[in-house]
Amino acid sequence: MADRITYVGLDVHKESIVVAVAACGARRGSTAGSRTHRLRWTVCCTSSAATAWRCGFATRRGRAVMAFTVECVVVAPSLIPKRAGDRVKTDRRDAASLAKLHRASELTAVWVPDCRHEAMRDLVRARLDAVHSLRRARQQLAGFLLRQGCHYGRSAWTKLHRRWLAGLSFEQAAHHIVLEDYIVAVEAAETRRDRLTAQIEAMLPDWTLAPVVAALQTMRGMALVNAATLIAELGDLSRFANPRQLMAYLGLVPSEHSSGASIKRAGITKAGNGAARRLLIEAAWSYRFPARLSRELLLRQESQPKPIRDIAWKGQVRLCARYRRLARSGKPANIVTTAIARELAGLVWAIAREVTIPAN
């Protein structure tokens, strides 16, 4: 007699989990968020589905379920099919819908990182937060100077710029206090960013995906921190069967609304991981210059095998030529850069395939 499979849907919340079972019966129930009650429902199940909550609760609880040899998939709420016109939404309905859709194989599972990868991802995201705080602090200082009619006129945030700030004078004494406070905020944000950057560089050698990060540094626009941030956000690229899947995951493919003979294409979908997409677009700007191996890039490539170096150089020649060709055709710079970023994602996928990741 074949094994009976029970499909369970878990609608995960901060304080509780709503459970629904899709088997011969239609049992439903709710259990608190404690580990004992939750595992009592799932330990006897062969397959289960859980919505991915934004703070990571579903990911951590999914690991606990899998520790009891229960097959568990985590599903992003945005990828759950919904019926048009359904205006009633409750936790019980959501859990029942999860169980039924999982039984019908209509759910798209998301990749669940291990604990070490999630820790590295939190570290690089903390650095991104520090970079955003630094940008905001600099903008606030620049806005204050603009209100006072002070304009530097050259490259800002250098030592000469700092000396220029120290030489400013105002009629009101309060303005000197405001200026110094803004300067202290900028320097504190810079210190935080540099501290987190040093921590990423120190923890990178112990990371299982460190070889992929090192390989990506052979590419133009992919320094150590950029490559580490990209891989921390994307995870194991071997789950993508081809580069087109990675491009779609990053939201770098055009959106389309076609019907019959009517074909309408618009801007990129902007789906998936926004931080990784922005990083690739920033890296794509470097390809507006002619292809060349700078001293810094050559040093990053020295420890990498020849197949990876060949992919990086061939890709750089192609993307630099494509950037100039698209720019000459009169396309806007943002469209050109997005097209380069899409092809850059394909190069990232190709280089990651050449890297052997050591087993844990």
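Lys-270 counts as exposed, because its relative accessibility is 58% (buried means under 20% relative accessible area, exposed over 50% and partly exposed in between, with a 1.4 Å probe and protein chains only). The residue sits in the loop between strand E8 (265–268) and H10, where helices (H or I, at least four residues) and strands (E, at least two) are DSSP runs numbered from the N terminus. Its backbone stands out too: phi of Lys-270 is near 55°, a positive value in a residue other than glycine. Most residues other than glycine have a negative phi. The model is a predicted one, so to speak of local features takes pLDDT of at least 70 and side-chain atom pairs count only at pLDDT 80 or more, while totals for chains, interfaces and linings use all residues. Residues are numbered from 1 along each chain as its sequence is written, and side-chain values use heavy atoms, with hydrogens and water left out.

Trp-157 also has a positive phi without being glycine, in this case near 65°. It is found in the loop between H4 and helix H5 (159–166), and with 32% relative accessibility Trp-157 counts as partly exposed. Gly-330, just after H12, takes a positive phi of about 90°.

On to the protein as a whole. It has 13 helices and eight strands, and buried residues make up 41% of its 360 residues. Of the contacts (heavy atoms within 4.5 Å) between residues at least 6 apart in sequence, 66% join residues at least 24 apart.

Helix H4 (residues 115–147) has two packing partners to look at here. With helix H8 (residues 224–234), H4 packs at an angle of about 125°, the axes being 9 Å apart. That makes H4 oblique to H8. Axes here are lines fitted to C-alpha atoms, for helices over the stretch in contact, and angles run from 0 to 180 degrees between N-to-C directions; those under 35 degrees count as roughly parallel, over 145 as roughly antiparallel, 65 to 115 as roughly perpendicular and the rest as oblique. The crossing of H4 and H8 is left-handed, meaning that the near helix is turned anticlockwise from the far one by less than a right angle (clockwise would be right-handed). On the H4 side the contact includes His-117, Met-120, Arg-121 and Val-124, and on the H8 side Val-225, Ala-228 and Glu-233 are among the residues met. The residues of this H4 and H8 contact divide into seven nonpolar, two polar and four charged. Here Ala, Val, Leu, Ile, Met, Phe, Trp, Tyr, Cys and Pro count as nonpolar, Asp, Glu, Lys and Arg as charged, and the others, Gly among them, as polar.

The second partner is helix H6 (residues 173–203), whose axis comes within 9 Å of that of H4 and crosses at roughly 160°. H4 and H6 are therefore roughly antiparallel to each other. Their crossing is left-handed. By class, the contact of H4 with H6 has 21 nonpolar, five polar and seven charged residues.

Toward the C-terminal end of the numbering come H12 and H13. Helix H12 (residues 306–328) has 23 residues, which at 1.5 Å a residue should span 33 Å; the end C-alpha atoms are 33 Å apart, which agrees. The expected span is 1.5 Å times one less than the number of residues. For the 21 residues of H13, the expected span is 30 Å, and the 31 Å between its end C-alpha atoms agrees. H13 is mostly covered, with 15 of its 21 residues buried. Buried residues of H12 include Ile-308, Ile-311, Ala-312, Gly-315 and Leu-319, and what covers the buried residues of H12 includes helix H7 (210–216), helix H10 (274–284), helix H11 (295–301) and helix H13 (333–353).

The axes of H12 and H13 come within 10 Å and cross at roughly 170°. The two helices are therefore roughly antiparallel to each other, and their crossing is right-handed. Among the residues that meet are Ile-308, Arg-318, Tyr-323 and Leu-326 in H12, and Val-336, Ile-340, Glu-343 and Leu-347 in H13. By class, this contact of H12 with H13 has 14 nonpolar, two polar and three charged residues.

Two arginines round off the picture. Arg-300 lies in helix H11 and is buried, with a relative accessible area of 15%. Leaving aside residues up to four places away in sequence, Arg-300 touches Gln-217, Thr-218, Met-219, Met-222 and Ala-223. Arg-288, in the loop between H10 and H11, counts as partly exposed at 40% relative accessibility. Arg-288 and Val-336 are 48 residues apart in sequence and 9.6 Å apart in space, C-alpha to C-alpha.
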